[in-house]
Amino acid sequence: MLGFLQRPVVVTADINLNVVALTALGLLSRLWRLSYPRAVVFDEVYYGQYVSFYMKRLFFLDGSGPPLGHMLLALGGYLGGFDGNFLWNRIGAEYSSNVPVWSLRLLPALAGALSVPMAYQIVWELRFSHCAAMGAALLVLIENALITQARLMLLESVLIFFNLLAMLSYLKLCNSQKHRPFSLSWWFWLTLTGVACSCAVGIKYMGVFTYLLVLGVAAVHAWHLIGDRTLSNVCVLCHLLARAVALLVIPVIMYLLFFYVHLVLLCRSGPHDQIMSSAFQASLEGGLARITQGQPLEVAYGSQVTLRNVFGKPVPCWLHSHQNTYPMIYENGRGSSHQQQVTCYPFKDVNNWWIVKDPGRHQLVVNSPPRPVRHGDIVQLVHGMTTRLLNTHDVAAPLSPHSQEVSCYIDYNISMPAQNLWRLDIVNRESSTEVWKTILSEVRFVHVNTSAILKLSGAHLPDWGFRQLEVVGEKLSPGYHESMVWNVEEHRYGRSQEQKERELELHSPTQMDLSRNLSFMARFSELQWRMLTVRSDDSEHKYSSTPLDWVTLDTNIAYWLHPTTSAQIHLLGNIVIWASASLATVVYVLLLCWYLLRRRRSICDLPEDSWLRWVLAGALCAGGWAVNYLPFFLMEKTLFLYHYLPALTFQILLLPVVLQHISDHLCRSQLQRSLFSALVVAWYSCACHVFNTLRPLTYGDKSLSPGELRALRWKESWDILIRKHQ
């Protein structure tokens, strides 16, 4: 029974020294002097702000992508003891002593370092030679742009890491499929594929391109499995279900998990609250939650309310009125009703308060018990500070002549009767007798006389309207739009019938106690929608570029300049690698088309195993380049060179694949192979030379003389020389 104690316990392991050496080199190239420069470099000014918000647990909204990448950067700050206290307001600003620069840049650097051995593993799993795998890894190792991006508090290196991890996991899965389907390692690689895909999407929306590529390749393989008659129906069904769970269900769960952690961490009111709905704001600590805590839930006749427009564009605003009237004659010669102005005001103000009145009664207080207002009820809205009723009539709005003017009615004793009855339409109701609820109910006000709907037009009124936003009665409404929808944000039960007492009441805080929570799915849905629809700054930038500029490396970005010396960091690629990778892609496409045409004529130039390997490598590498590059031609946003780096990484993987294919199948004799190998070695030497030449601009650790700077501007000098000879 205890015989195993009589023999030593021996553990054997296969260690690929190539992988170990590549990992060490990757760590050295990415981690060396990582905290230099100790200054804000380019987009660190934005990501650093988000890290500070996480440290202080303040809510923010970033439309550039899901929250996983920001949380990983914040994790580095947390591990380094960062308290979030730093003013991220200027590129080049020196970091204070409390900012753990090394920790903040660590995770992107580790992701960049681990991408080097993963490139080796991917080419090897594609069943190409160790030499080709080493070539791919060395190209990733010495690519200057990849090094620069990985050494800063930026997210492209993390995105590339998860893209490569998804590809490697899927290749491991395919190779396990042939020998040990449904084994522990098979399940591990299948699950890791789904997790890596979800992480890629969670870093940046660009990750969805790689995810779709993996899904497409997996769908093709699943289709072949269905046609495999050696597998039973039950076995095929198990394969399909396993792939569906791992590649569809797990990524969705992981994606939701990212947002759940994000919302749990950011529980306090922050700088971007106003973009969100009242219900979302009320779920955060402080801010609106502090103001609305304890408000009555049900709106009743006599309630005092502020009405926020749900659309929130061009800015969040509240239904507002003041004693000023519309001009008798507008600048274009049209006349108005000269009634009291009604606008939408983007700031908290006492003139935002309205009283919900029962048209059949004169009182402006809440009964005991309160009479709740329900869907379909007819109400009047009384402006709290001026006691005039919300009104609309067949008079053109000041800036939207096809819509009706909305005003607070003033009786001028002329033939213009009041039209101040509104029907309440609860848009998100669950029943026809739904009660109007504070914050939760989204409502429309439909004018009884004209069927016009109270709407925010979004136009800014002239100076006579104090540049506030125009509110109109939209009569010809083609359908539902958020600009017609309002919700009660602040709410109290009115207790004072006298105007003077009521004005004091409008300035006082509420006293009732009633908590209100928004579900995670409701908060997730709203946050995701806002992230997808928020308008980003698409103005031209000094270093912005087009997708065509990336392929030819006709652009770069000056990331950092030393304030006193000529040391500097530029995002600048290795021209030998970039040009060769583009050429390899063209060669691959041409060869693939040639082989397809010949196979159509029943001429097979490659053995079946080599052909399948060639097609799979192209689908993942050339396909990875295409799906990560071509969509940018359709994007209307400011683009930079770093957007090309994920696509470039896939191109680099394709390059040694094409080189080995040429050596193995197109070089007919040993002499040709020897000459080709010598050319490849010379080409690698050129790539290493360019890397070493650009190293001062990659690490920024060397002060360059004017002559050295001019030498590095080789392309500019070459263009000048060409123009002189034209």
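How many disulfides does the structure hold? Just one. A disulfide is a covalent bond between the sulfur atoms of two cysteines, and here it is called when a pair of cysteine sulfur atoms lies within 2.5 Å. Keep in mind that this is a predicted model, where local features need pLDDT of at least 70 and side-chain atom pairs count only at pLDDT 80 or more, while totals for chains, interfaces and linings use all residues. Residues are numbered from 1 along each chain as its sequence is written, and side-chain values use heavy atoms, with hydrogens and water left out.

**The bonded pair**
- Cys317 and Cys344 are the partners, with 2.2 Å from S to S.
- Their link is right-handed, with 90 degrees about the S-S bond.
- The bond ties together distant parts of the chain, 27 residues apart: Cys317 sits in the loop between β1 (303-309) and β2 (318-325), and Cys344 in strand β3 (residues 340-345). (Strands are DSSP runs of E, at least two residues, and helices are runs of H or I, at least four, numbered from the N terminus.)
- Cys317 counts as buried, because its relative accessibility is 0%. (Buried means under 20% relative accessible area, exposed over 50%, and partly exposed in between, using a 1.4 Å probe and protein chains only.)
- Cys344 is buried too, with a relative accessible area of 0%.

**Cysteines without a bond**
- Cys408 is in no disulfide, and the nearest cysteine sulfur, that of Cys344, is 13 Å away.
- Cys408 is also buried, at 0% relative accessibility.
- Why does Cys197 have no bond to Cys199? The closest cysteine sulfur to that of Cys197 is in Cys199, but 9.4 Å is too far for a bond.
- Cys197 has a relative accessible area of 1%, so this residue is buried.
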